[in-house]
Amino acid sequence: MDYEGFWRAELPLGLFMGLTTVSLYIYRRNSKVYQIVLNFPEMGSLCFSPIWQRNTVDALIFHVRHAQGDIQFRLLPSVDEGTAPLQVEYDRIKACVCCTKISAPPPLDPDKVLLESVWRYEILRRYAVYAVPARLPYSIEWSYEIKSNPLSEKLISAYDLYHLSTGNDFNTMRLCLSWVNEHLRHDGTQTFLGIREANSILSTHTGKASCRGLAIVLCELLLALGIKSRFIACLPEEVPYDECHVVCVAYSDDLKKWILLDPTNNLYILDSGGTPLSLMEFRNALLCNDDFYLNQDTNWNGRRIGKTQYCDYMIKNLVRFDAVEAYYPGCDQYSTKRITLIPTNYTTTVPDRMITDDIRSFWPEENIQ
């Protein structure tokens, strides 16, 4: 992993719980992404993997759940080129220290840190529930343009992708997922250079795209091969937000269910019985601590993605979900109706889209109890 800078601080946790000094290391990947490592003498290293800054003015806040109580760390406002103030809070007692920039931090070995000790599920639990009405309203008319658009034929013929269509729709999904992941590297800073449509993205982006661009290409490729598909923006709670993630979901007629496909990471998720999970089933599995696993060939730009690493990232992005009502080539560019699913206890006003907490309307084919 490439990093832009490193910082170190000595935390006086002896003031709080009788511990000796704890070392904290910050590995900065970019202005939004940080790797945080703590070294507790009695617990070993704890890796927060990775932490996303919520926005440019708020503090970067992270927690560790210790046997004697939760500790909160607040970096104010962000790591800069020299030192940065760090506020540590435990049991209403606060102390401030400074992070100092260093050139040679300890090697970061994710296999030797206690990732399971990280505590970051409070937000998801706070917004766990959506409305499940007894009767399905018909205010959302989802539509999918399957095969019939000239741009779909152009996409398949230009890249000779007829071989991706198999007799099993989940196998077709996996082949398409891998093809997109191999042909477009993820670059979160990449802006759209042309129309937000698969042919344009593939021809103008020189082999790289944002997570949204990757999801659009996969969605439109699946539509071109006859599979109902949607790209979904997975959003955090804050508005405005500084970072989110976009994935693709596709409906399997063979399995009679939606399936989560993440082209940024060449990733899908399977339950303990080997059945692929939908986006909402993945969310529920995190809430209920159900067992699941990732496909073996998952990767981000060729680098293996671990289960804990992916969950630590996605946990903040499973509060709200944003979609367009009609899916066709170029729909992200031209769609006039967008819908956002929010939890029942979430309050928001977004003037240019429909807001709903009705989970059955947002996922009409999902088996939601």
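**Exercise 1. In which loop, between which two strands, is the place of Thr298?**

Before starting, note that this is a predicted model, in which local features need pLDDT of at least 70, side-chain atom pairs count only at pLDDT 80 or more, and totals for chains, interfaces and linings use all residues. Residues are numbered from 1 along each chain as its sequence is written, and side-chain values use heavy atoms, with hydrogens and water left out.

*Solution.* Thr298 is found in the loop between β16 (292–294) and β17 (299–300), where strands are DSSP runs (E, at least two residues) numbered from the N terminus.

**Exercise 2. Describe the surroundings of Thr298.**

*Solution.* Begin with accessibility: Thr298 has a relative accessible area of 2% and is therefore buried (under 20% relative accessible area, with a 1.4 Å probe and protein chains only). Next, list the contacts (heavy atoms within 4.5 Å): once neighbours within four places in sequence are set aside, Thr298 touches Asn265, Asn266, Leu267, Arg303, Arg304 and Ile305. Finally, look at Asn265 in detail, since its backbone oxygen lies 2.7 Å from a polar atom of the Thr298 side chain.

**Exercise 3. Classify the aromatic pairs Tyr144–Tyr327 and Phe362–Trp363.**

*Solution.* Apply the rule that rings of Phe, Tyr and Trp (its six-membered ring) pair if their centres lie within 6.5 Å, with planes under 30 degrees apart counted as stacked, over 60 as edge-to-face and the rest as tilted; this rule yields 12 aromatic pairs. Tyr144 and Tyr327 are 5.9 Å apart centre to centre with 10 degrees between the planes, and the pair is stacked. This pair joins distant parts of the chain, with Tyr144 in strand β9 (residues 143–144) and Tyr327 in strand β20 (residues 326–327), 183 residues apart. Both Tyr144 and Tyr327 are buried. For Phe362 and Trp363, the ring centres are 5.3 Å apart and the planes stand at 80 degrees, so this pair is edge-to-face. Phe362 counts as buried because its relative accessibility is 0%, and Trp363, at 1%, is likewise buried. As a last step, place these residues in one aromatic cluster, formed by Trp142, Tyr144, Phe231, Tyr251, Trp258, Tyr327, Phe362 and Trp363.

**Exercise 4. Which strand pairs with β1, and in which sense?**

*Solution.* Strands pair if DSSP finds at least two bridges between them; β1 and strand β2 (residues 22–28) pair in the antiparallel sense over 7 bridges. Within this pairing, Arg8 stands opposite Tyr25 in β2. Strand β1 (residues 5–11) is mostly covered, with 5 of its 7 residues buried.

Definitions and conventions: Helix = DSSP H or I, 4+ residues; strand = E, 2+ residues; numbered from the N terminus. Buried < 20%, exposed > 50% of the residue type's maximum accessible area, 1.4 Å probe, protein only. Polar contact = N/O pair within 3.5 Å; in protein donor to acceptor, adjacent residues only side chain to side chain.
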